[in-house]
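User: I'm new to reading protein structures and would like a close look at one part: the nonpolar interior. Could you walk me through what is packed there and how the aromatic rings are arranged?

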Amino acid sequence: MRRLNIELVKGDEILARSIYTSTNNILLNKGVQIKKAYISKLKELGIEYIYVDDELSKGVELQDFIEEETREKSKSEVKNVLEKFSAQNKLELSTLVNSADEIIEDILYQKEILINITDIRRKDEYIYGHSVNVCALSVLVALKLGYNRKRVKDIAIGALLHDLGKVLIPNEIINKDVLSEKDKEEIKKHVIYGYEAVKDESWLSPVSKVVILTHHERVNGSGYPFGWEGEKVHDASKIVAICDTFDALTTRRILNKPSKVYEVIEYFISQSGILFDEKILKCFINNIAVYPSGIGVLTNENEKGIVLKQNKDFPSRPIIRIIEDSSGNKVDDWREVDLTKALTTFITDTIEI
Ligand SMILES: [Fe+2]
């Protein structure tokens, strides 16, 4: 199985993962053959990638760190709740506790694997997919840091609701292509709006509330709303800050192209102890597959390959299959290279194949 850019889909490919609508119904089932007529429809729906099974990707181990079903169900629950939410109507927020529980269960079950980026998101459901991803990533980091179940759950719920306040900002501002300084200031208020909306809710823990309020604070005091520094910022918020930034940068936003995982990790390393907490960042980076399985890669020897599987303790050195030699010729006899053994070979970039 591998991820294929919708622009490179020709028709006849076999779908390896079902494609869902924003209401959690299956649009196309896995196993179906993509007909040419589907391609423009998928593009229209804002789908940028699909997963396909083909000869090239035979043997690729691609496992999401939460079950596809949990991800889709949580997304549609978050969508449901956030769509109905207003400053007056907060009744349904607590139903998200179940989603948080399911996400935690999934991760407890699968926590030995590296996080592979496998989510495919429609443009119009960015905020819902984002909330679920930030929650799942935060849960994994919190578990790896050895937090107890209660604390993990508080962080999970805070992460699911971290951008709740954005619902209270007018859509004209949220959807603008170019933001004025005034718009930016208004968007920054989402942390206050979100916190104000939930501060008296007794079912929500103080940790979850503090995540909503301070997930944009940064270690050096350059964040908002208070500009708090270092230890003053709660660790739960520091976790969500990293996961929020990671997901935002690796997903296409309205104007920007998505960054590659290794680019985001390079950025994180440059900001370790400056914007982001050093210890939490180290834990995060140790658990992210720098080159996700099923992705095309270029090596320093100018060969092209596909990432077959991950080496758990070496997130930047997976096992790859060479499919094209340095002169650009397709290789008939595919060669597998384990980058934990071939120490002079390394990946220089990820490519579409
Ligand atoms: Fe936010």
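Analyst: Here is a walk through the nonpolar core, followed by the aromatic rings.

This is a predicted model, where local features need pLDDT of at least 70 and side-chain atom pairs count only at pLDDT 80 or more, while totals for chains, interfaces and linings use all residues. Residues are numbered from 1 along each chain as its sequence is written, and side-chain values use heavy atoms, leaving out hydrogens and water.

Let's start with the largest nonpolar core, which has 67 residues. Such a core is a set of buried Ala, Val, Leu, Ile, Met, Phe, Trp, Tyr and Cys residues joined through side-chain atoms within 4.5 Å. Inside the largest core, the residues with the most contacts are Ile-107, Phe-268 and Phe-284. Helix H4, residues 126-144, supplies the largest share, 11 residues (helices are DSSP runs of H or I with at least four residues, numbered from the N terminus). This core lies between domain 2 (68-286) and domain 3 (296-351), because both give residues to it; the domain bounds come from an automatic or database assignment.

Now zoom in on Ile-107. Leaving aside residues up to four places away in sequence, Ile-107 touches Phe-65, Ile-66, Ala-136, Val-139, Leu-140 and Leu-143 (contact means heavy atoms within 4.5 Å). Another core, of 12 residues, lies apart from the largest one, and includes Ile-19, Ile-34, Leu-42 and Ile-50.

Next, the rings. The whole structure holds seven aromatic pairs (rings of Phe, Tyr and Trp, the last by its six-membered ring, with centres within 6.5 Å; planes under 30 degrees apart are stacked, over 60 edge-to-face, the rest tilted). Phe-226 and Trp-228 are stacked, because their ring centres are 4.5 Å apart and their planes are at 25°. In Tyr-267 and Phe-276, the centres are 6.3 Å apart and the planes at 75°, so this pair is edge-to-face.

How exposed are these four? Phe-226 is partly exposed, at 42% relative accessible area, and Trp-228 is partly exposed at 25% (buried means under 20% relative accessible area, exposed over 50%, partly exposed in between, with a 1.4 Å probe and protein chains only). Tyr-267 is partly exposed at 31%, whereas its partner Phe-276 is buried at 3%.

Finally, the two topics meet. Phe-246, Tyr-267, Phe-268, Phe-276 and Phe-284 form one aromatic cluster, and Phe-268 and Phe-284 are among the residues with the most contacts inside the largest core.

How values were computed
Helices (H or I, at least four residues) and strands (E, at least two) are DSSP runs, numbered from the N terminus.
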